[in-house]
Amino acid sequence: MRYGYWTPVFGGWLRNVADEGMEASWDYTRRLTQNAERWGYDLTLIAELNLNDIKGIEQPALDAWSTAAALAAVTDRVELMVAVRPNFHHPALFAKAAANIDRISGGRLALNVVSSWWADEAQQYGLQFDQHDHRYARTEEWLAVVDGLWTEERFTFAGQFYTTDAAICAPKPAKRPTVYAGGESEKAKAMIAAHCDAYVMHGDPAAAIAPKIADMAARRDAAGGAPMQYGMAAYAIVRDSEAEAKRELDRITTVAELPAGYANFDQWLSGTQLERELKVQEYSVSNRGLRPNLVGTPEQLKERVAEYEAAGLDLLLLQMSPQAEEMERFAVQVMGTA
């Protein structure tokens, strides 16, 4: 299993806890990422939203791509998986900038391609917001342009959304960045199986993840591509006793009143096609992070990780709070690397 973590660009991950002691700042992010390398983490996912989806839209949110460029220069080993939304980035200009960041990192850049869901954010920034199926059509073209510029000396493209005319991208990436993407609609799965390298999923029990991996593997085989990688989001709580872990779980999921960001969550539900109904109480942790039940003693978490490995999962994308302290604890007690 590879272990990744979400960079806290929103100043935390708990919607019911106002101050998690992990500010949305470059200083905290730099120190956390450098420590994560020392603790043995393989990857960090840097989410891209201009509005704070966790703490409320009035709160600070770090820019993903300038943060990634800075981290590329001050780290040595960790893979930088950076979210990118096609309607926010022209693909030809993006290909140039991302290739430079990959060079700065020594070939450690990866993309998490996200077909945007937040209509209000796009409208605030004066950007096009497509309906569900058109978002994936845009993403497919966007990836074609990025890949073309990364692999060909000059690249010409004429599509519904984008055009280029003998465009040049030099220098090119040190190596082609891995392209991760997620989605549960038929359009999303078809696009990912045909054009991406890895499938990332919201949290679910291993018994639900196994058939998803089997389905995507079959789609990939039918598309004629190389085997894919598979990742999943999860929130982790590790304690010396099960009772201690349960107390922490109760603390973070207790909802006295709906927090400032709940309207964003409600809008996300209306704009996605999820296979499973989300419950309001799950709002406390994003991306269905509590469903994998990585809550308990080190021995219990090791057993659950082994179940996911047996299901075919390659990567866990972890959220924790407060992140630095909990990530070090997890590395020592579960990963055995720190």
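What follows is a short chat between a student and a tutor about a predicted model.

Student: What makes the protein chain as compact as a globular protein of that length?

Tutor: Start with the make-up: there are 11 helices and 11 strands in the chain. Its radius of gyration is 19 Å, and the globule rule gives 20 Å for 338 residues; the two values are close, so the chain counts as compact as a globular protein of that length. The C-alpha trace spans about 60 × 40 × 40 Å along its principal axes. As for burial, 57% of the 338 residues count as buried.

Student: And how much of the contact with a separation of 6 or more comes from residues 24 or more positions apart?

Tutor: Such pairs account for 74% of those contacts.

Student: On to single residues. Why is Thr-7 called buried?

Tutor: Buried means under 20% relative accessible area. Thr-7 has 0%, so it qualifies. You'll find Thr-7 in the loop between β1 (2-6) and α1 (26-39). Leaving out residues up to four places away in sequence, Thr-7 touches Trp-13, Thr-29, Thr-44, Leu-45 and Ile-46.

Student: How do you know that the side chains of Thr-7 and Thr-44 make a polar contact?

Tutor: The cut-off for a pair of N or O atoms is 3.5 Å, and one must be able to donate a hydrogen and the other to accept it. The pair between these two side chains sits at 2.5 Å, and it counts as a polar contact.

Student: Is Arg-176 buried, exposed or partly exposed, and why?

Tutor: Buried is under 20% and exposed is over 50%, with partly exposed in between. Arg-176 comes in at 34%, so partly exposed it is. This residue belongs to the loop between β6 (163-167) and β7 (178-181).

Student: What does Arg-176 contact, apart from neighbours within four places in sequence?

Tutor: Asp-147, Trp-150, His-195 and Asp-197. With Asp-197 there is also a side-chain to side-chain polar contact, at 2.7 Å.

Student: Last one: why are α5 and α6 called roughly parallel?

Tutor: The axes of α5 (residues 132-151) and α6 (residues 186-195) cross at roughly 10° and come within 9 Å. Angles under 35 degrees count as roughly parallel, and therefore α5 is roughly parallel to α6. On the α5 side, the contact is made by Asp-133, Tyr-136, Thr-139, Glu-140 and Leu-143, and on the α6 side by Lys-187, Ala-188, Met-191 and His-195.

Student: How do the residues of that contact divide by type?

Tutor: Into 4 nonpolar, 2 polar and 3 charged.

Key: Residues are numbered from 1 along each chain as its sequence is written. This is a predicted model: local features need pLDDT of at least 70, side-chain atom pairs count only at pLDDT 80 or more; totals for chains, interfaces and linings use all residues. Side-chain values use heavy atoms; hydrogens and water are left out. Axes are lines fitted to C-alpha atoms, for helices over the stretch in contact, and angles run from 0 to 180 degrees between N-to-C directions. Helices (H or I, at least four residues) and strands (E, at least two) are DSSP runs, numbered from the N terminus. Angles under 35 degrees count as roughly parallel, over 145 as roughly antiparallel, 65 to 115 as roughly perpendicular and the rest as oblique. Contact means heavy atoms within 4.5 Å. Ala, Val, Leu, Ile, Met, Phe, Trp, Tyr, Cys and Pro count as nonpolar, Asp, Glu, Lys and Arg as charged, and the others, Gly among them, as polar. Buried means under 20% relative accessible area, exposed over 50%, partly exposed in between (1.4 Å probe, protein chains only). The radius of gyration is taken over C-alpha atoms; the globule rule is 2.2 Å times the number of residues to the power 0.38.
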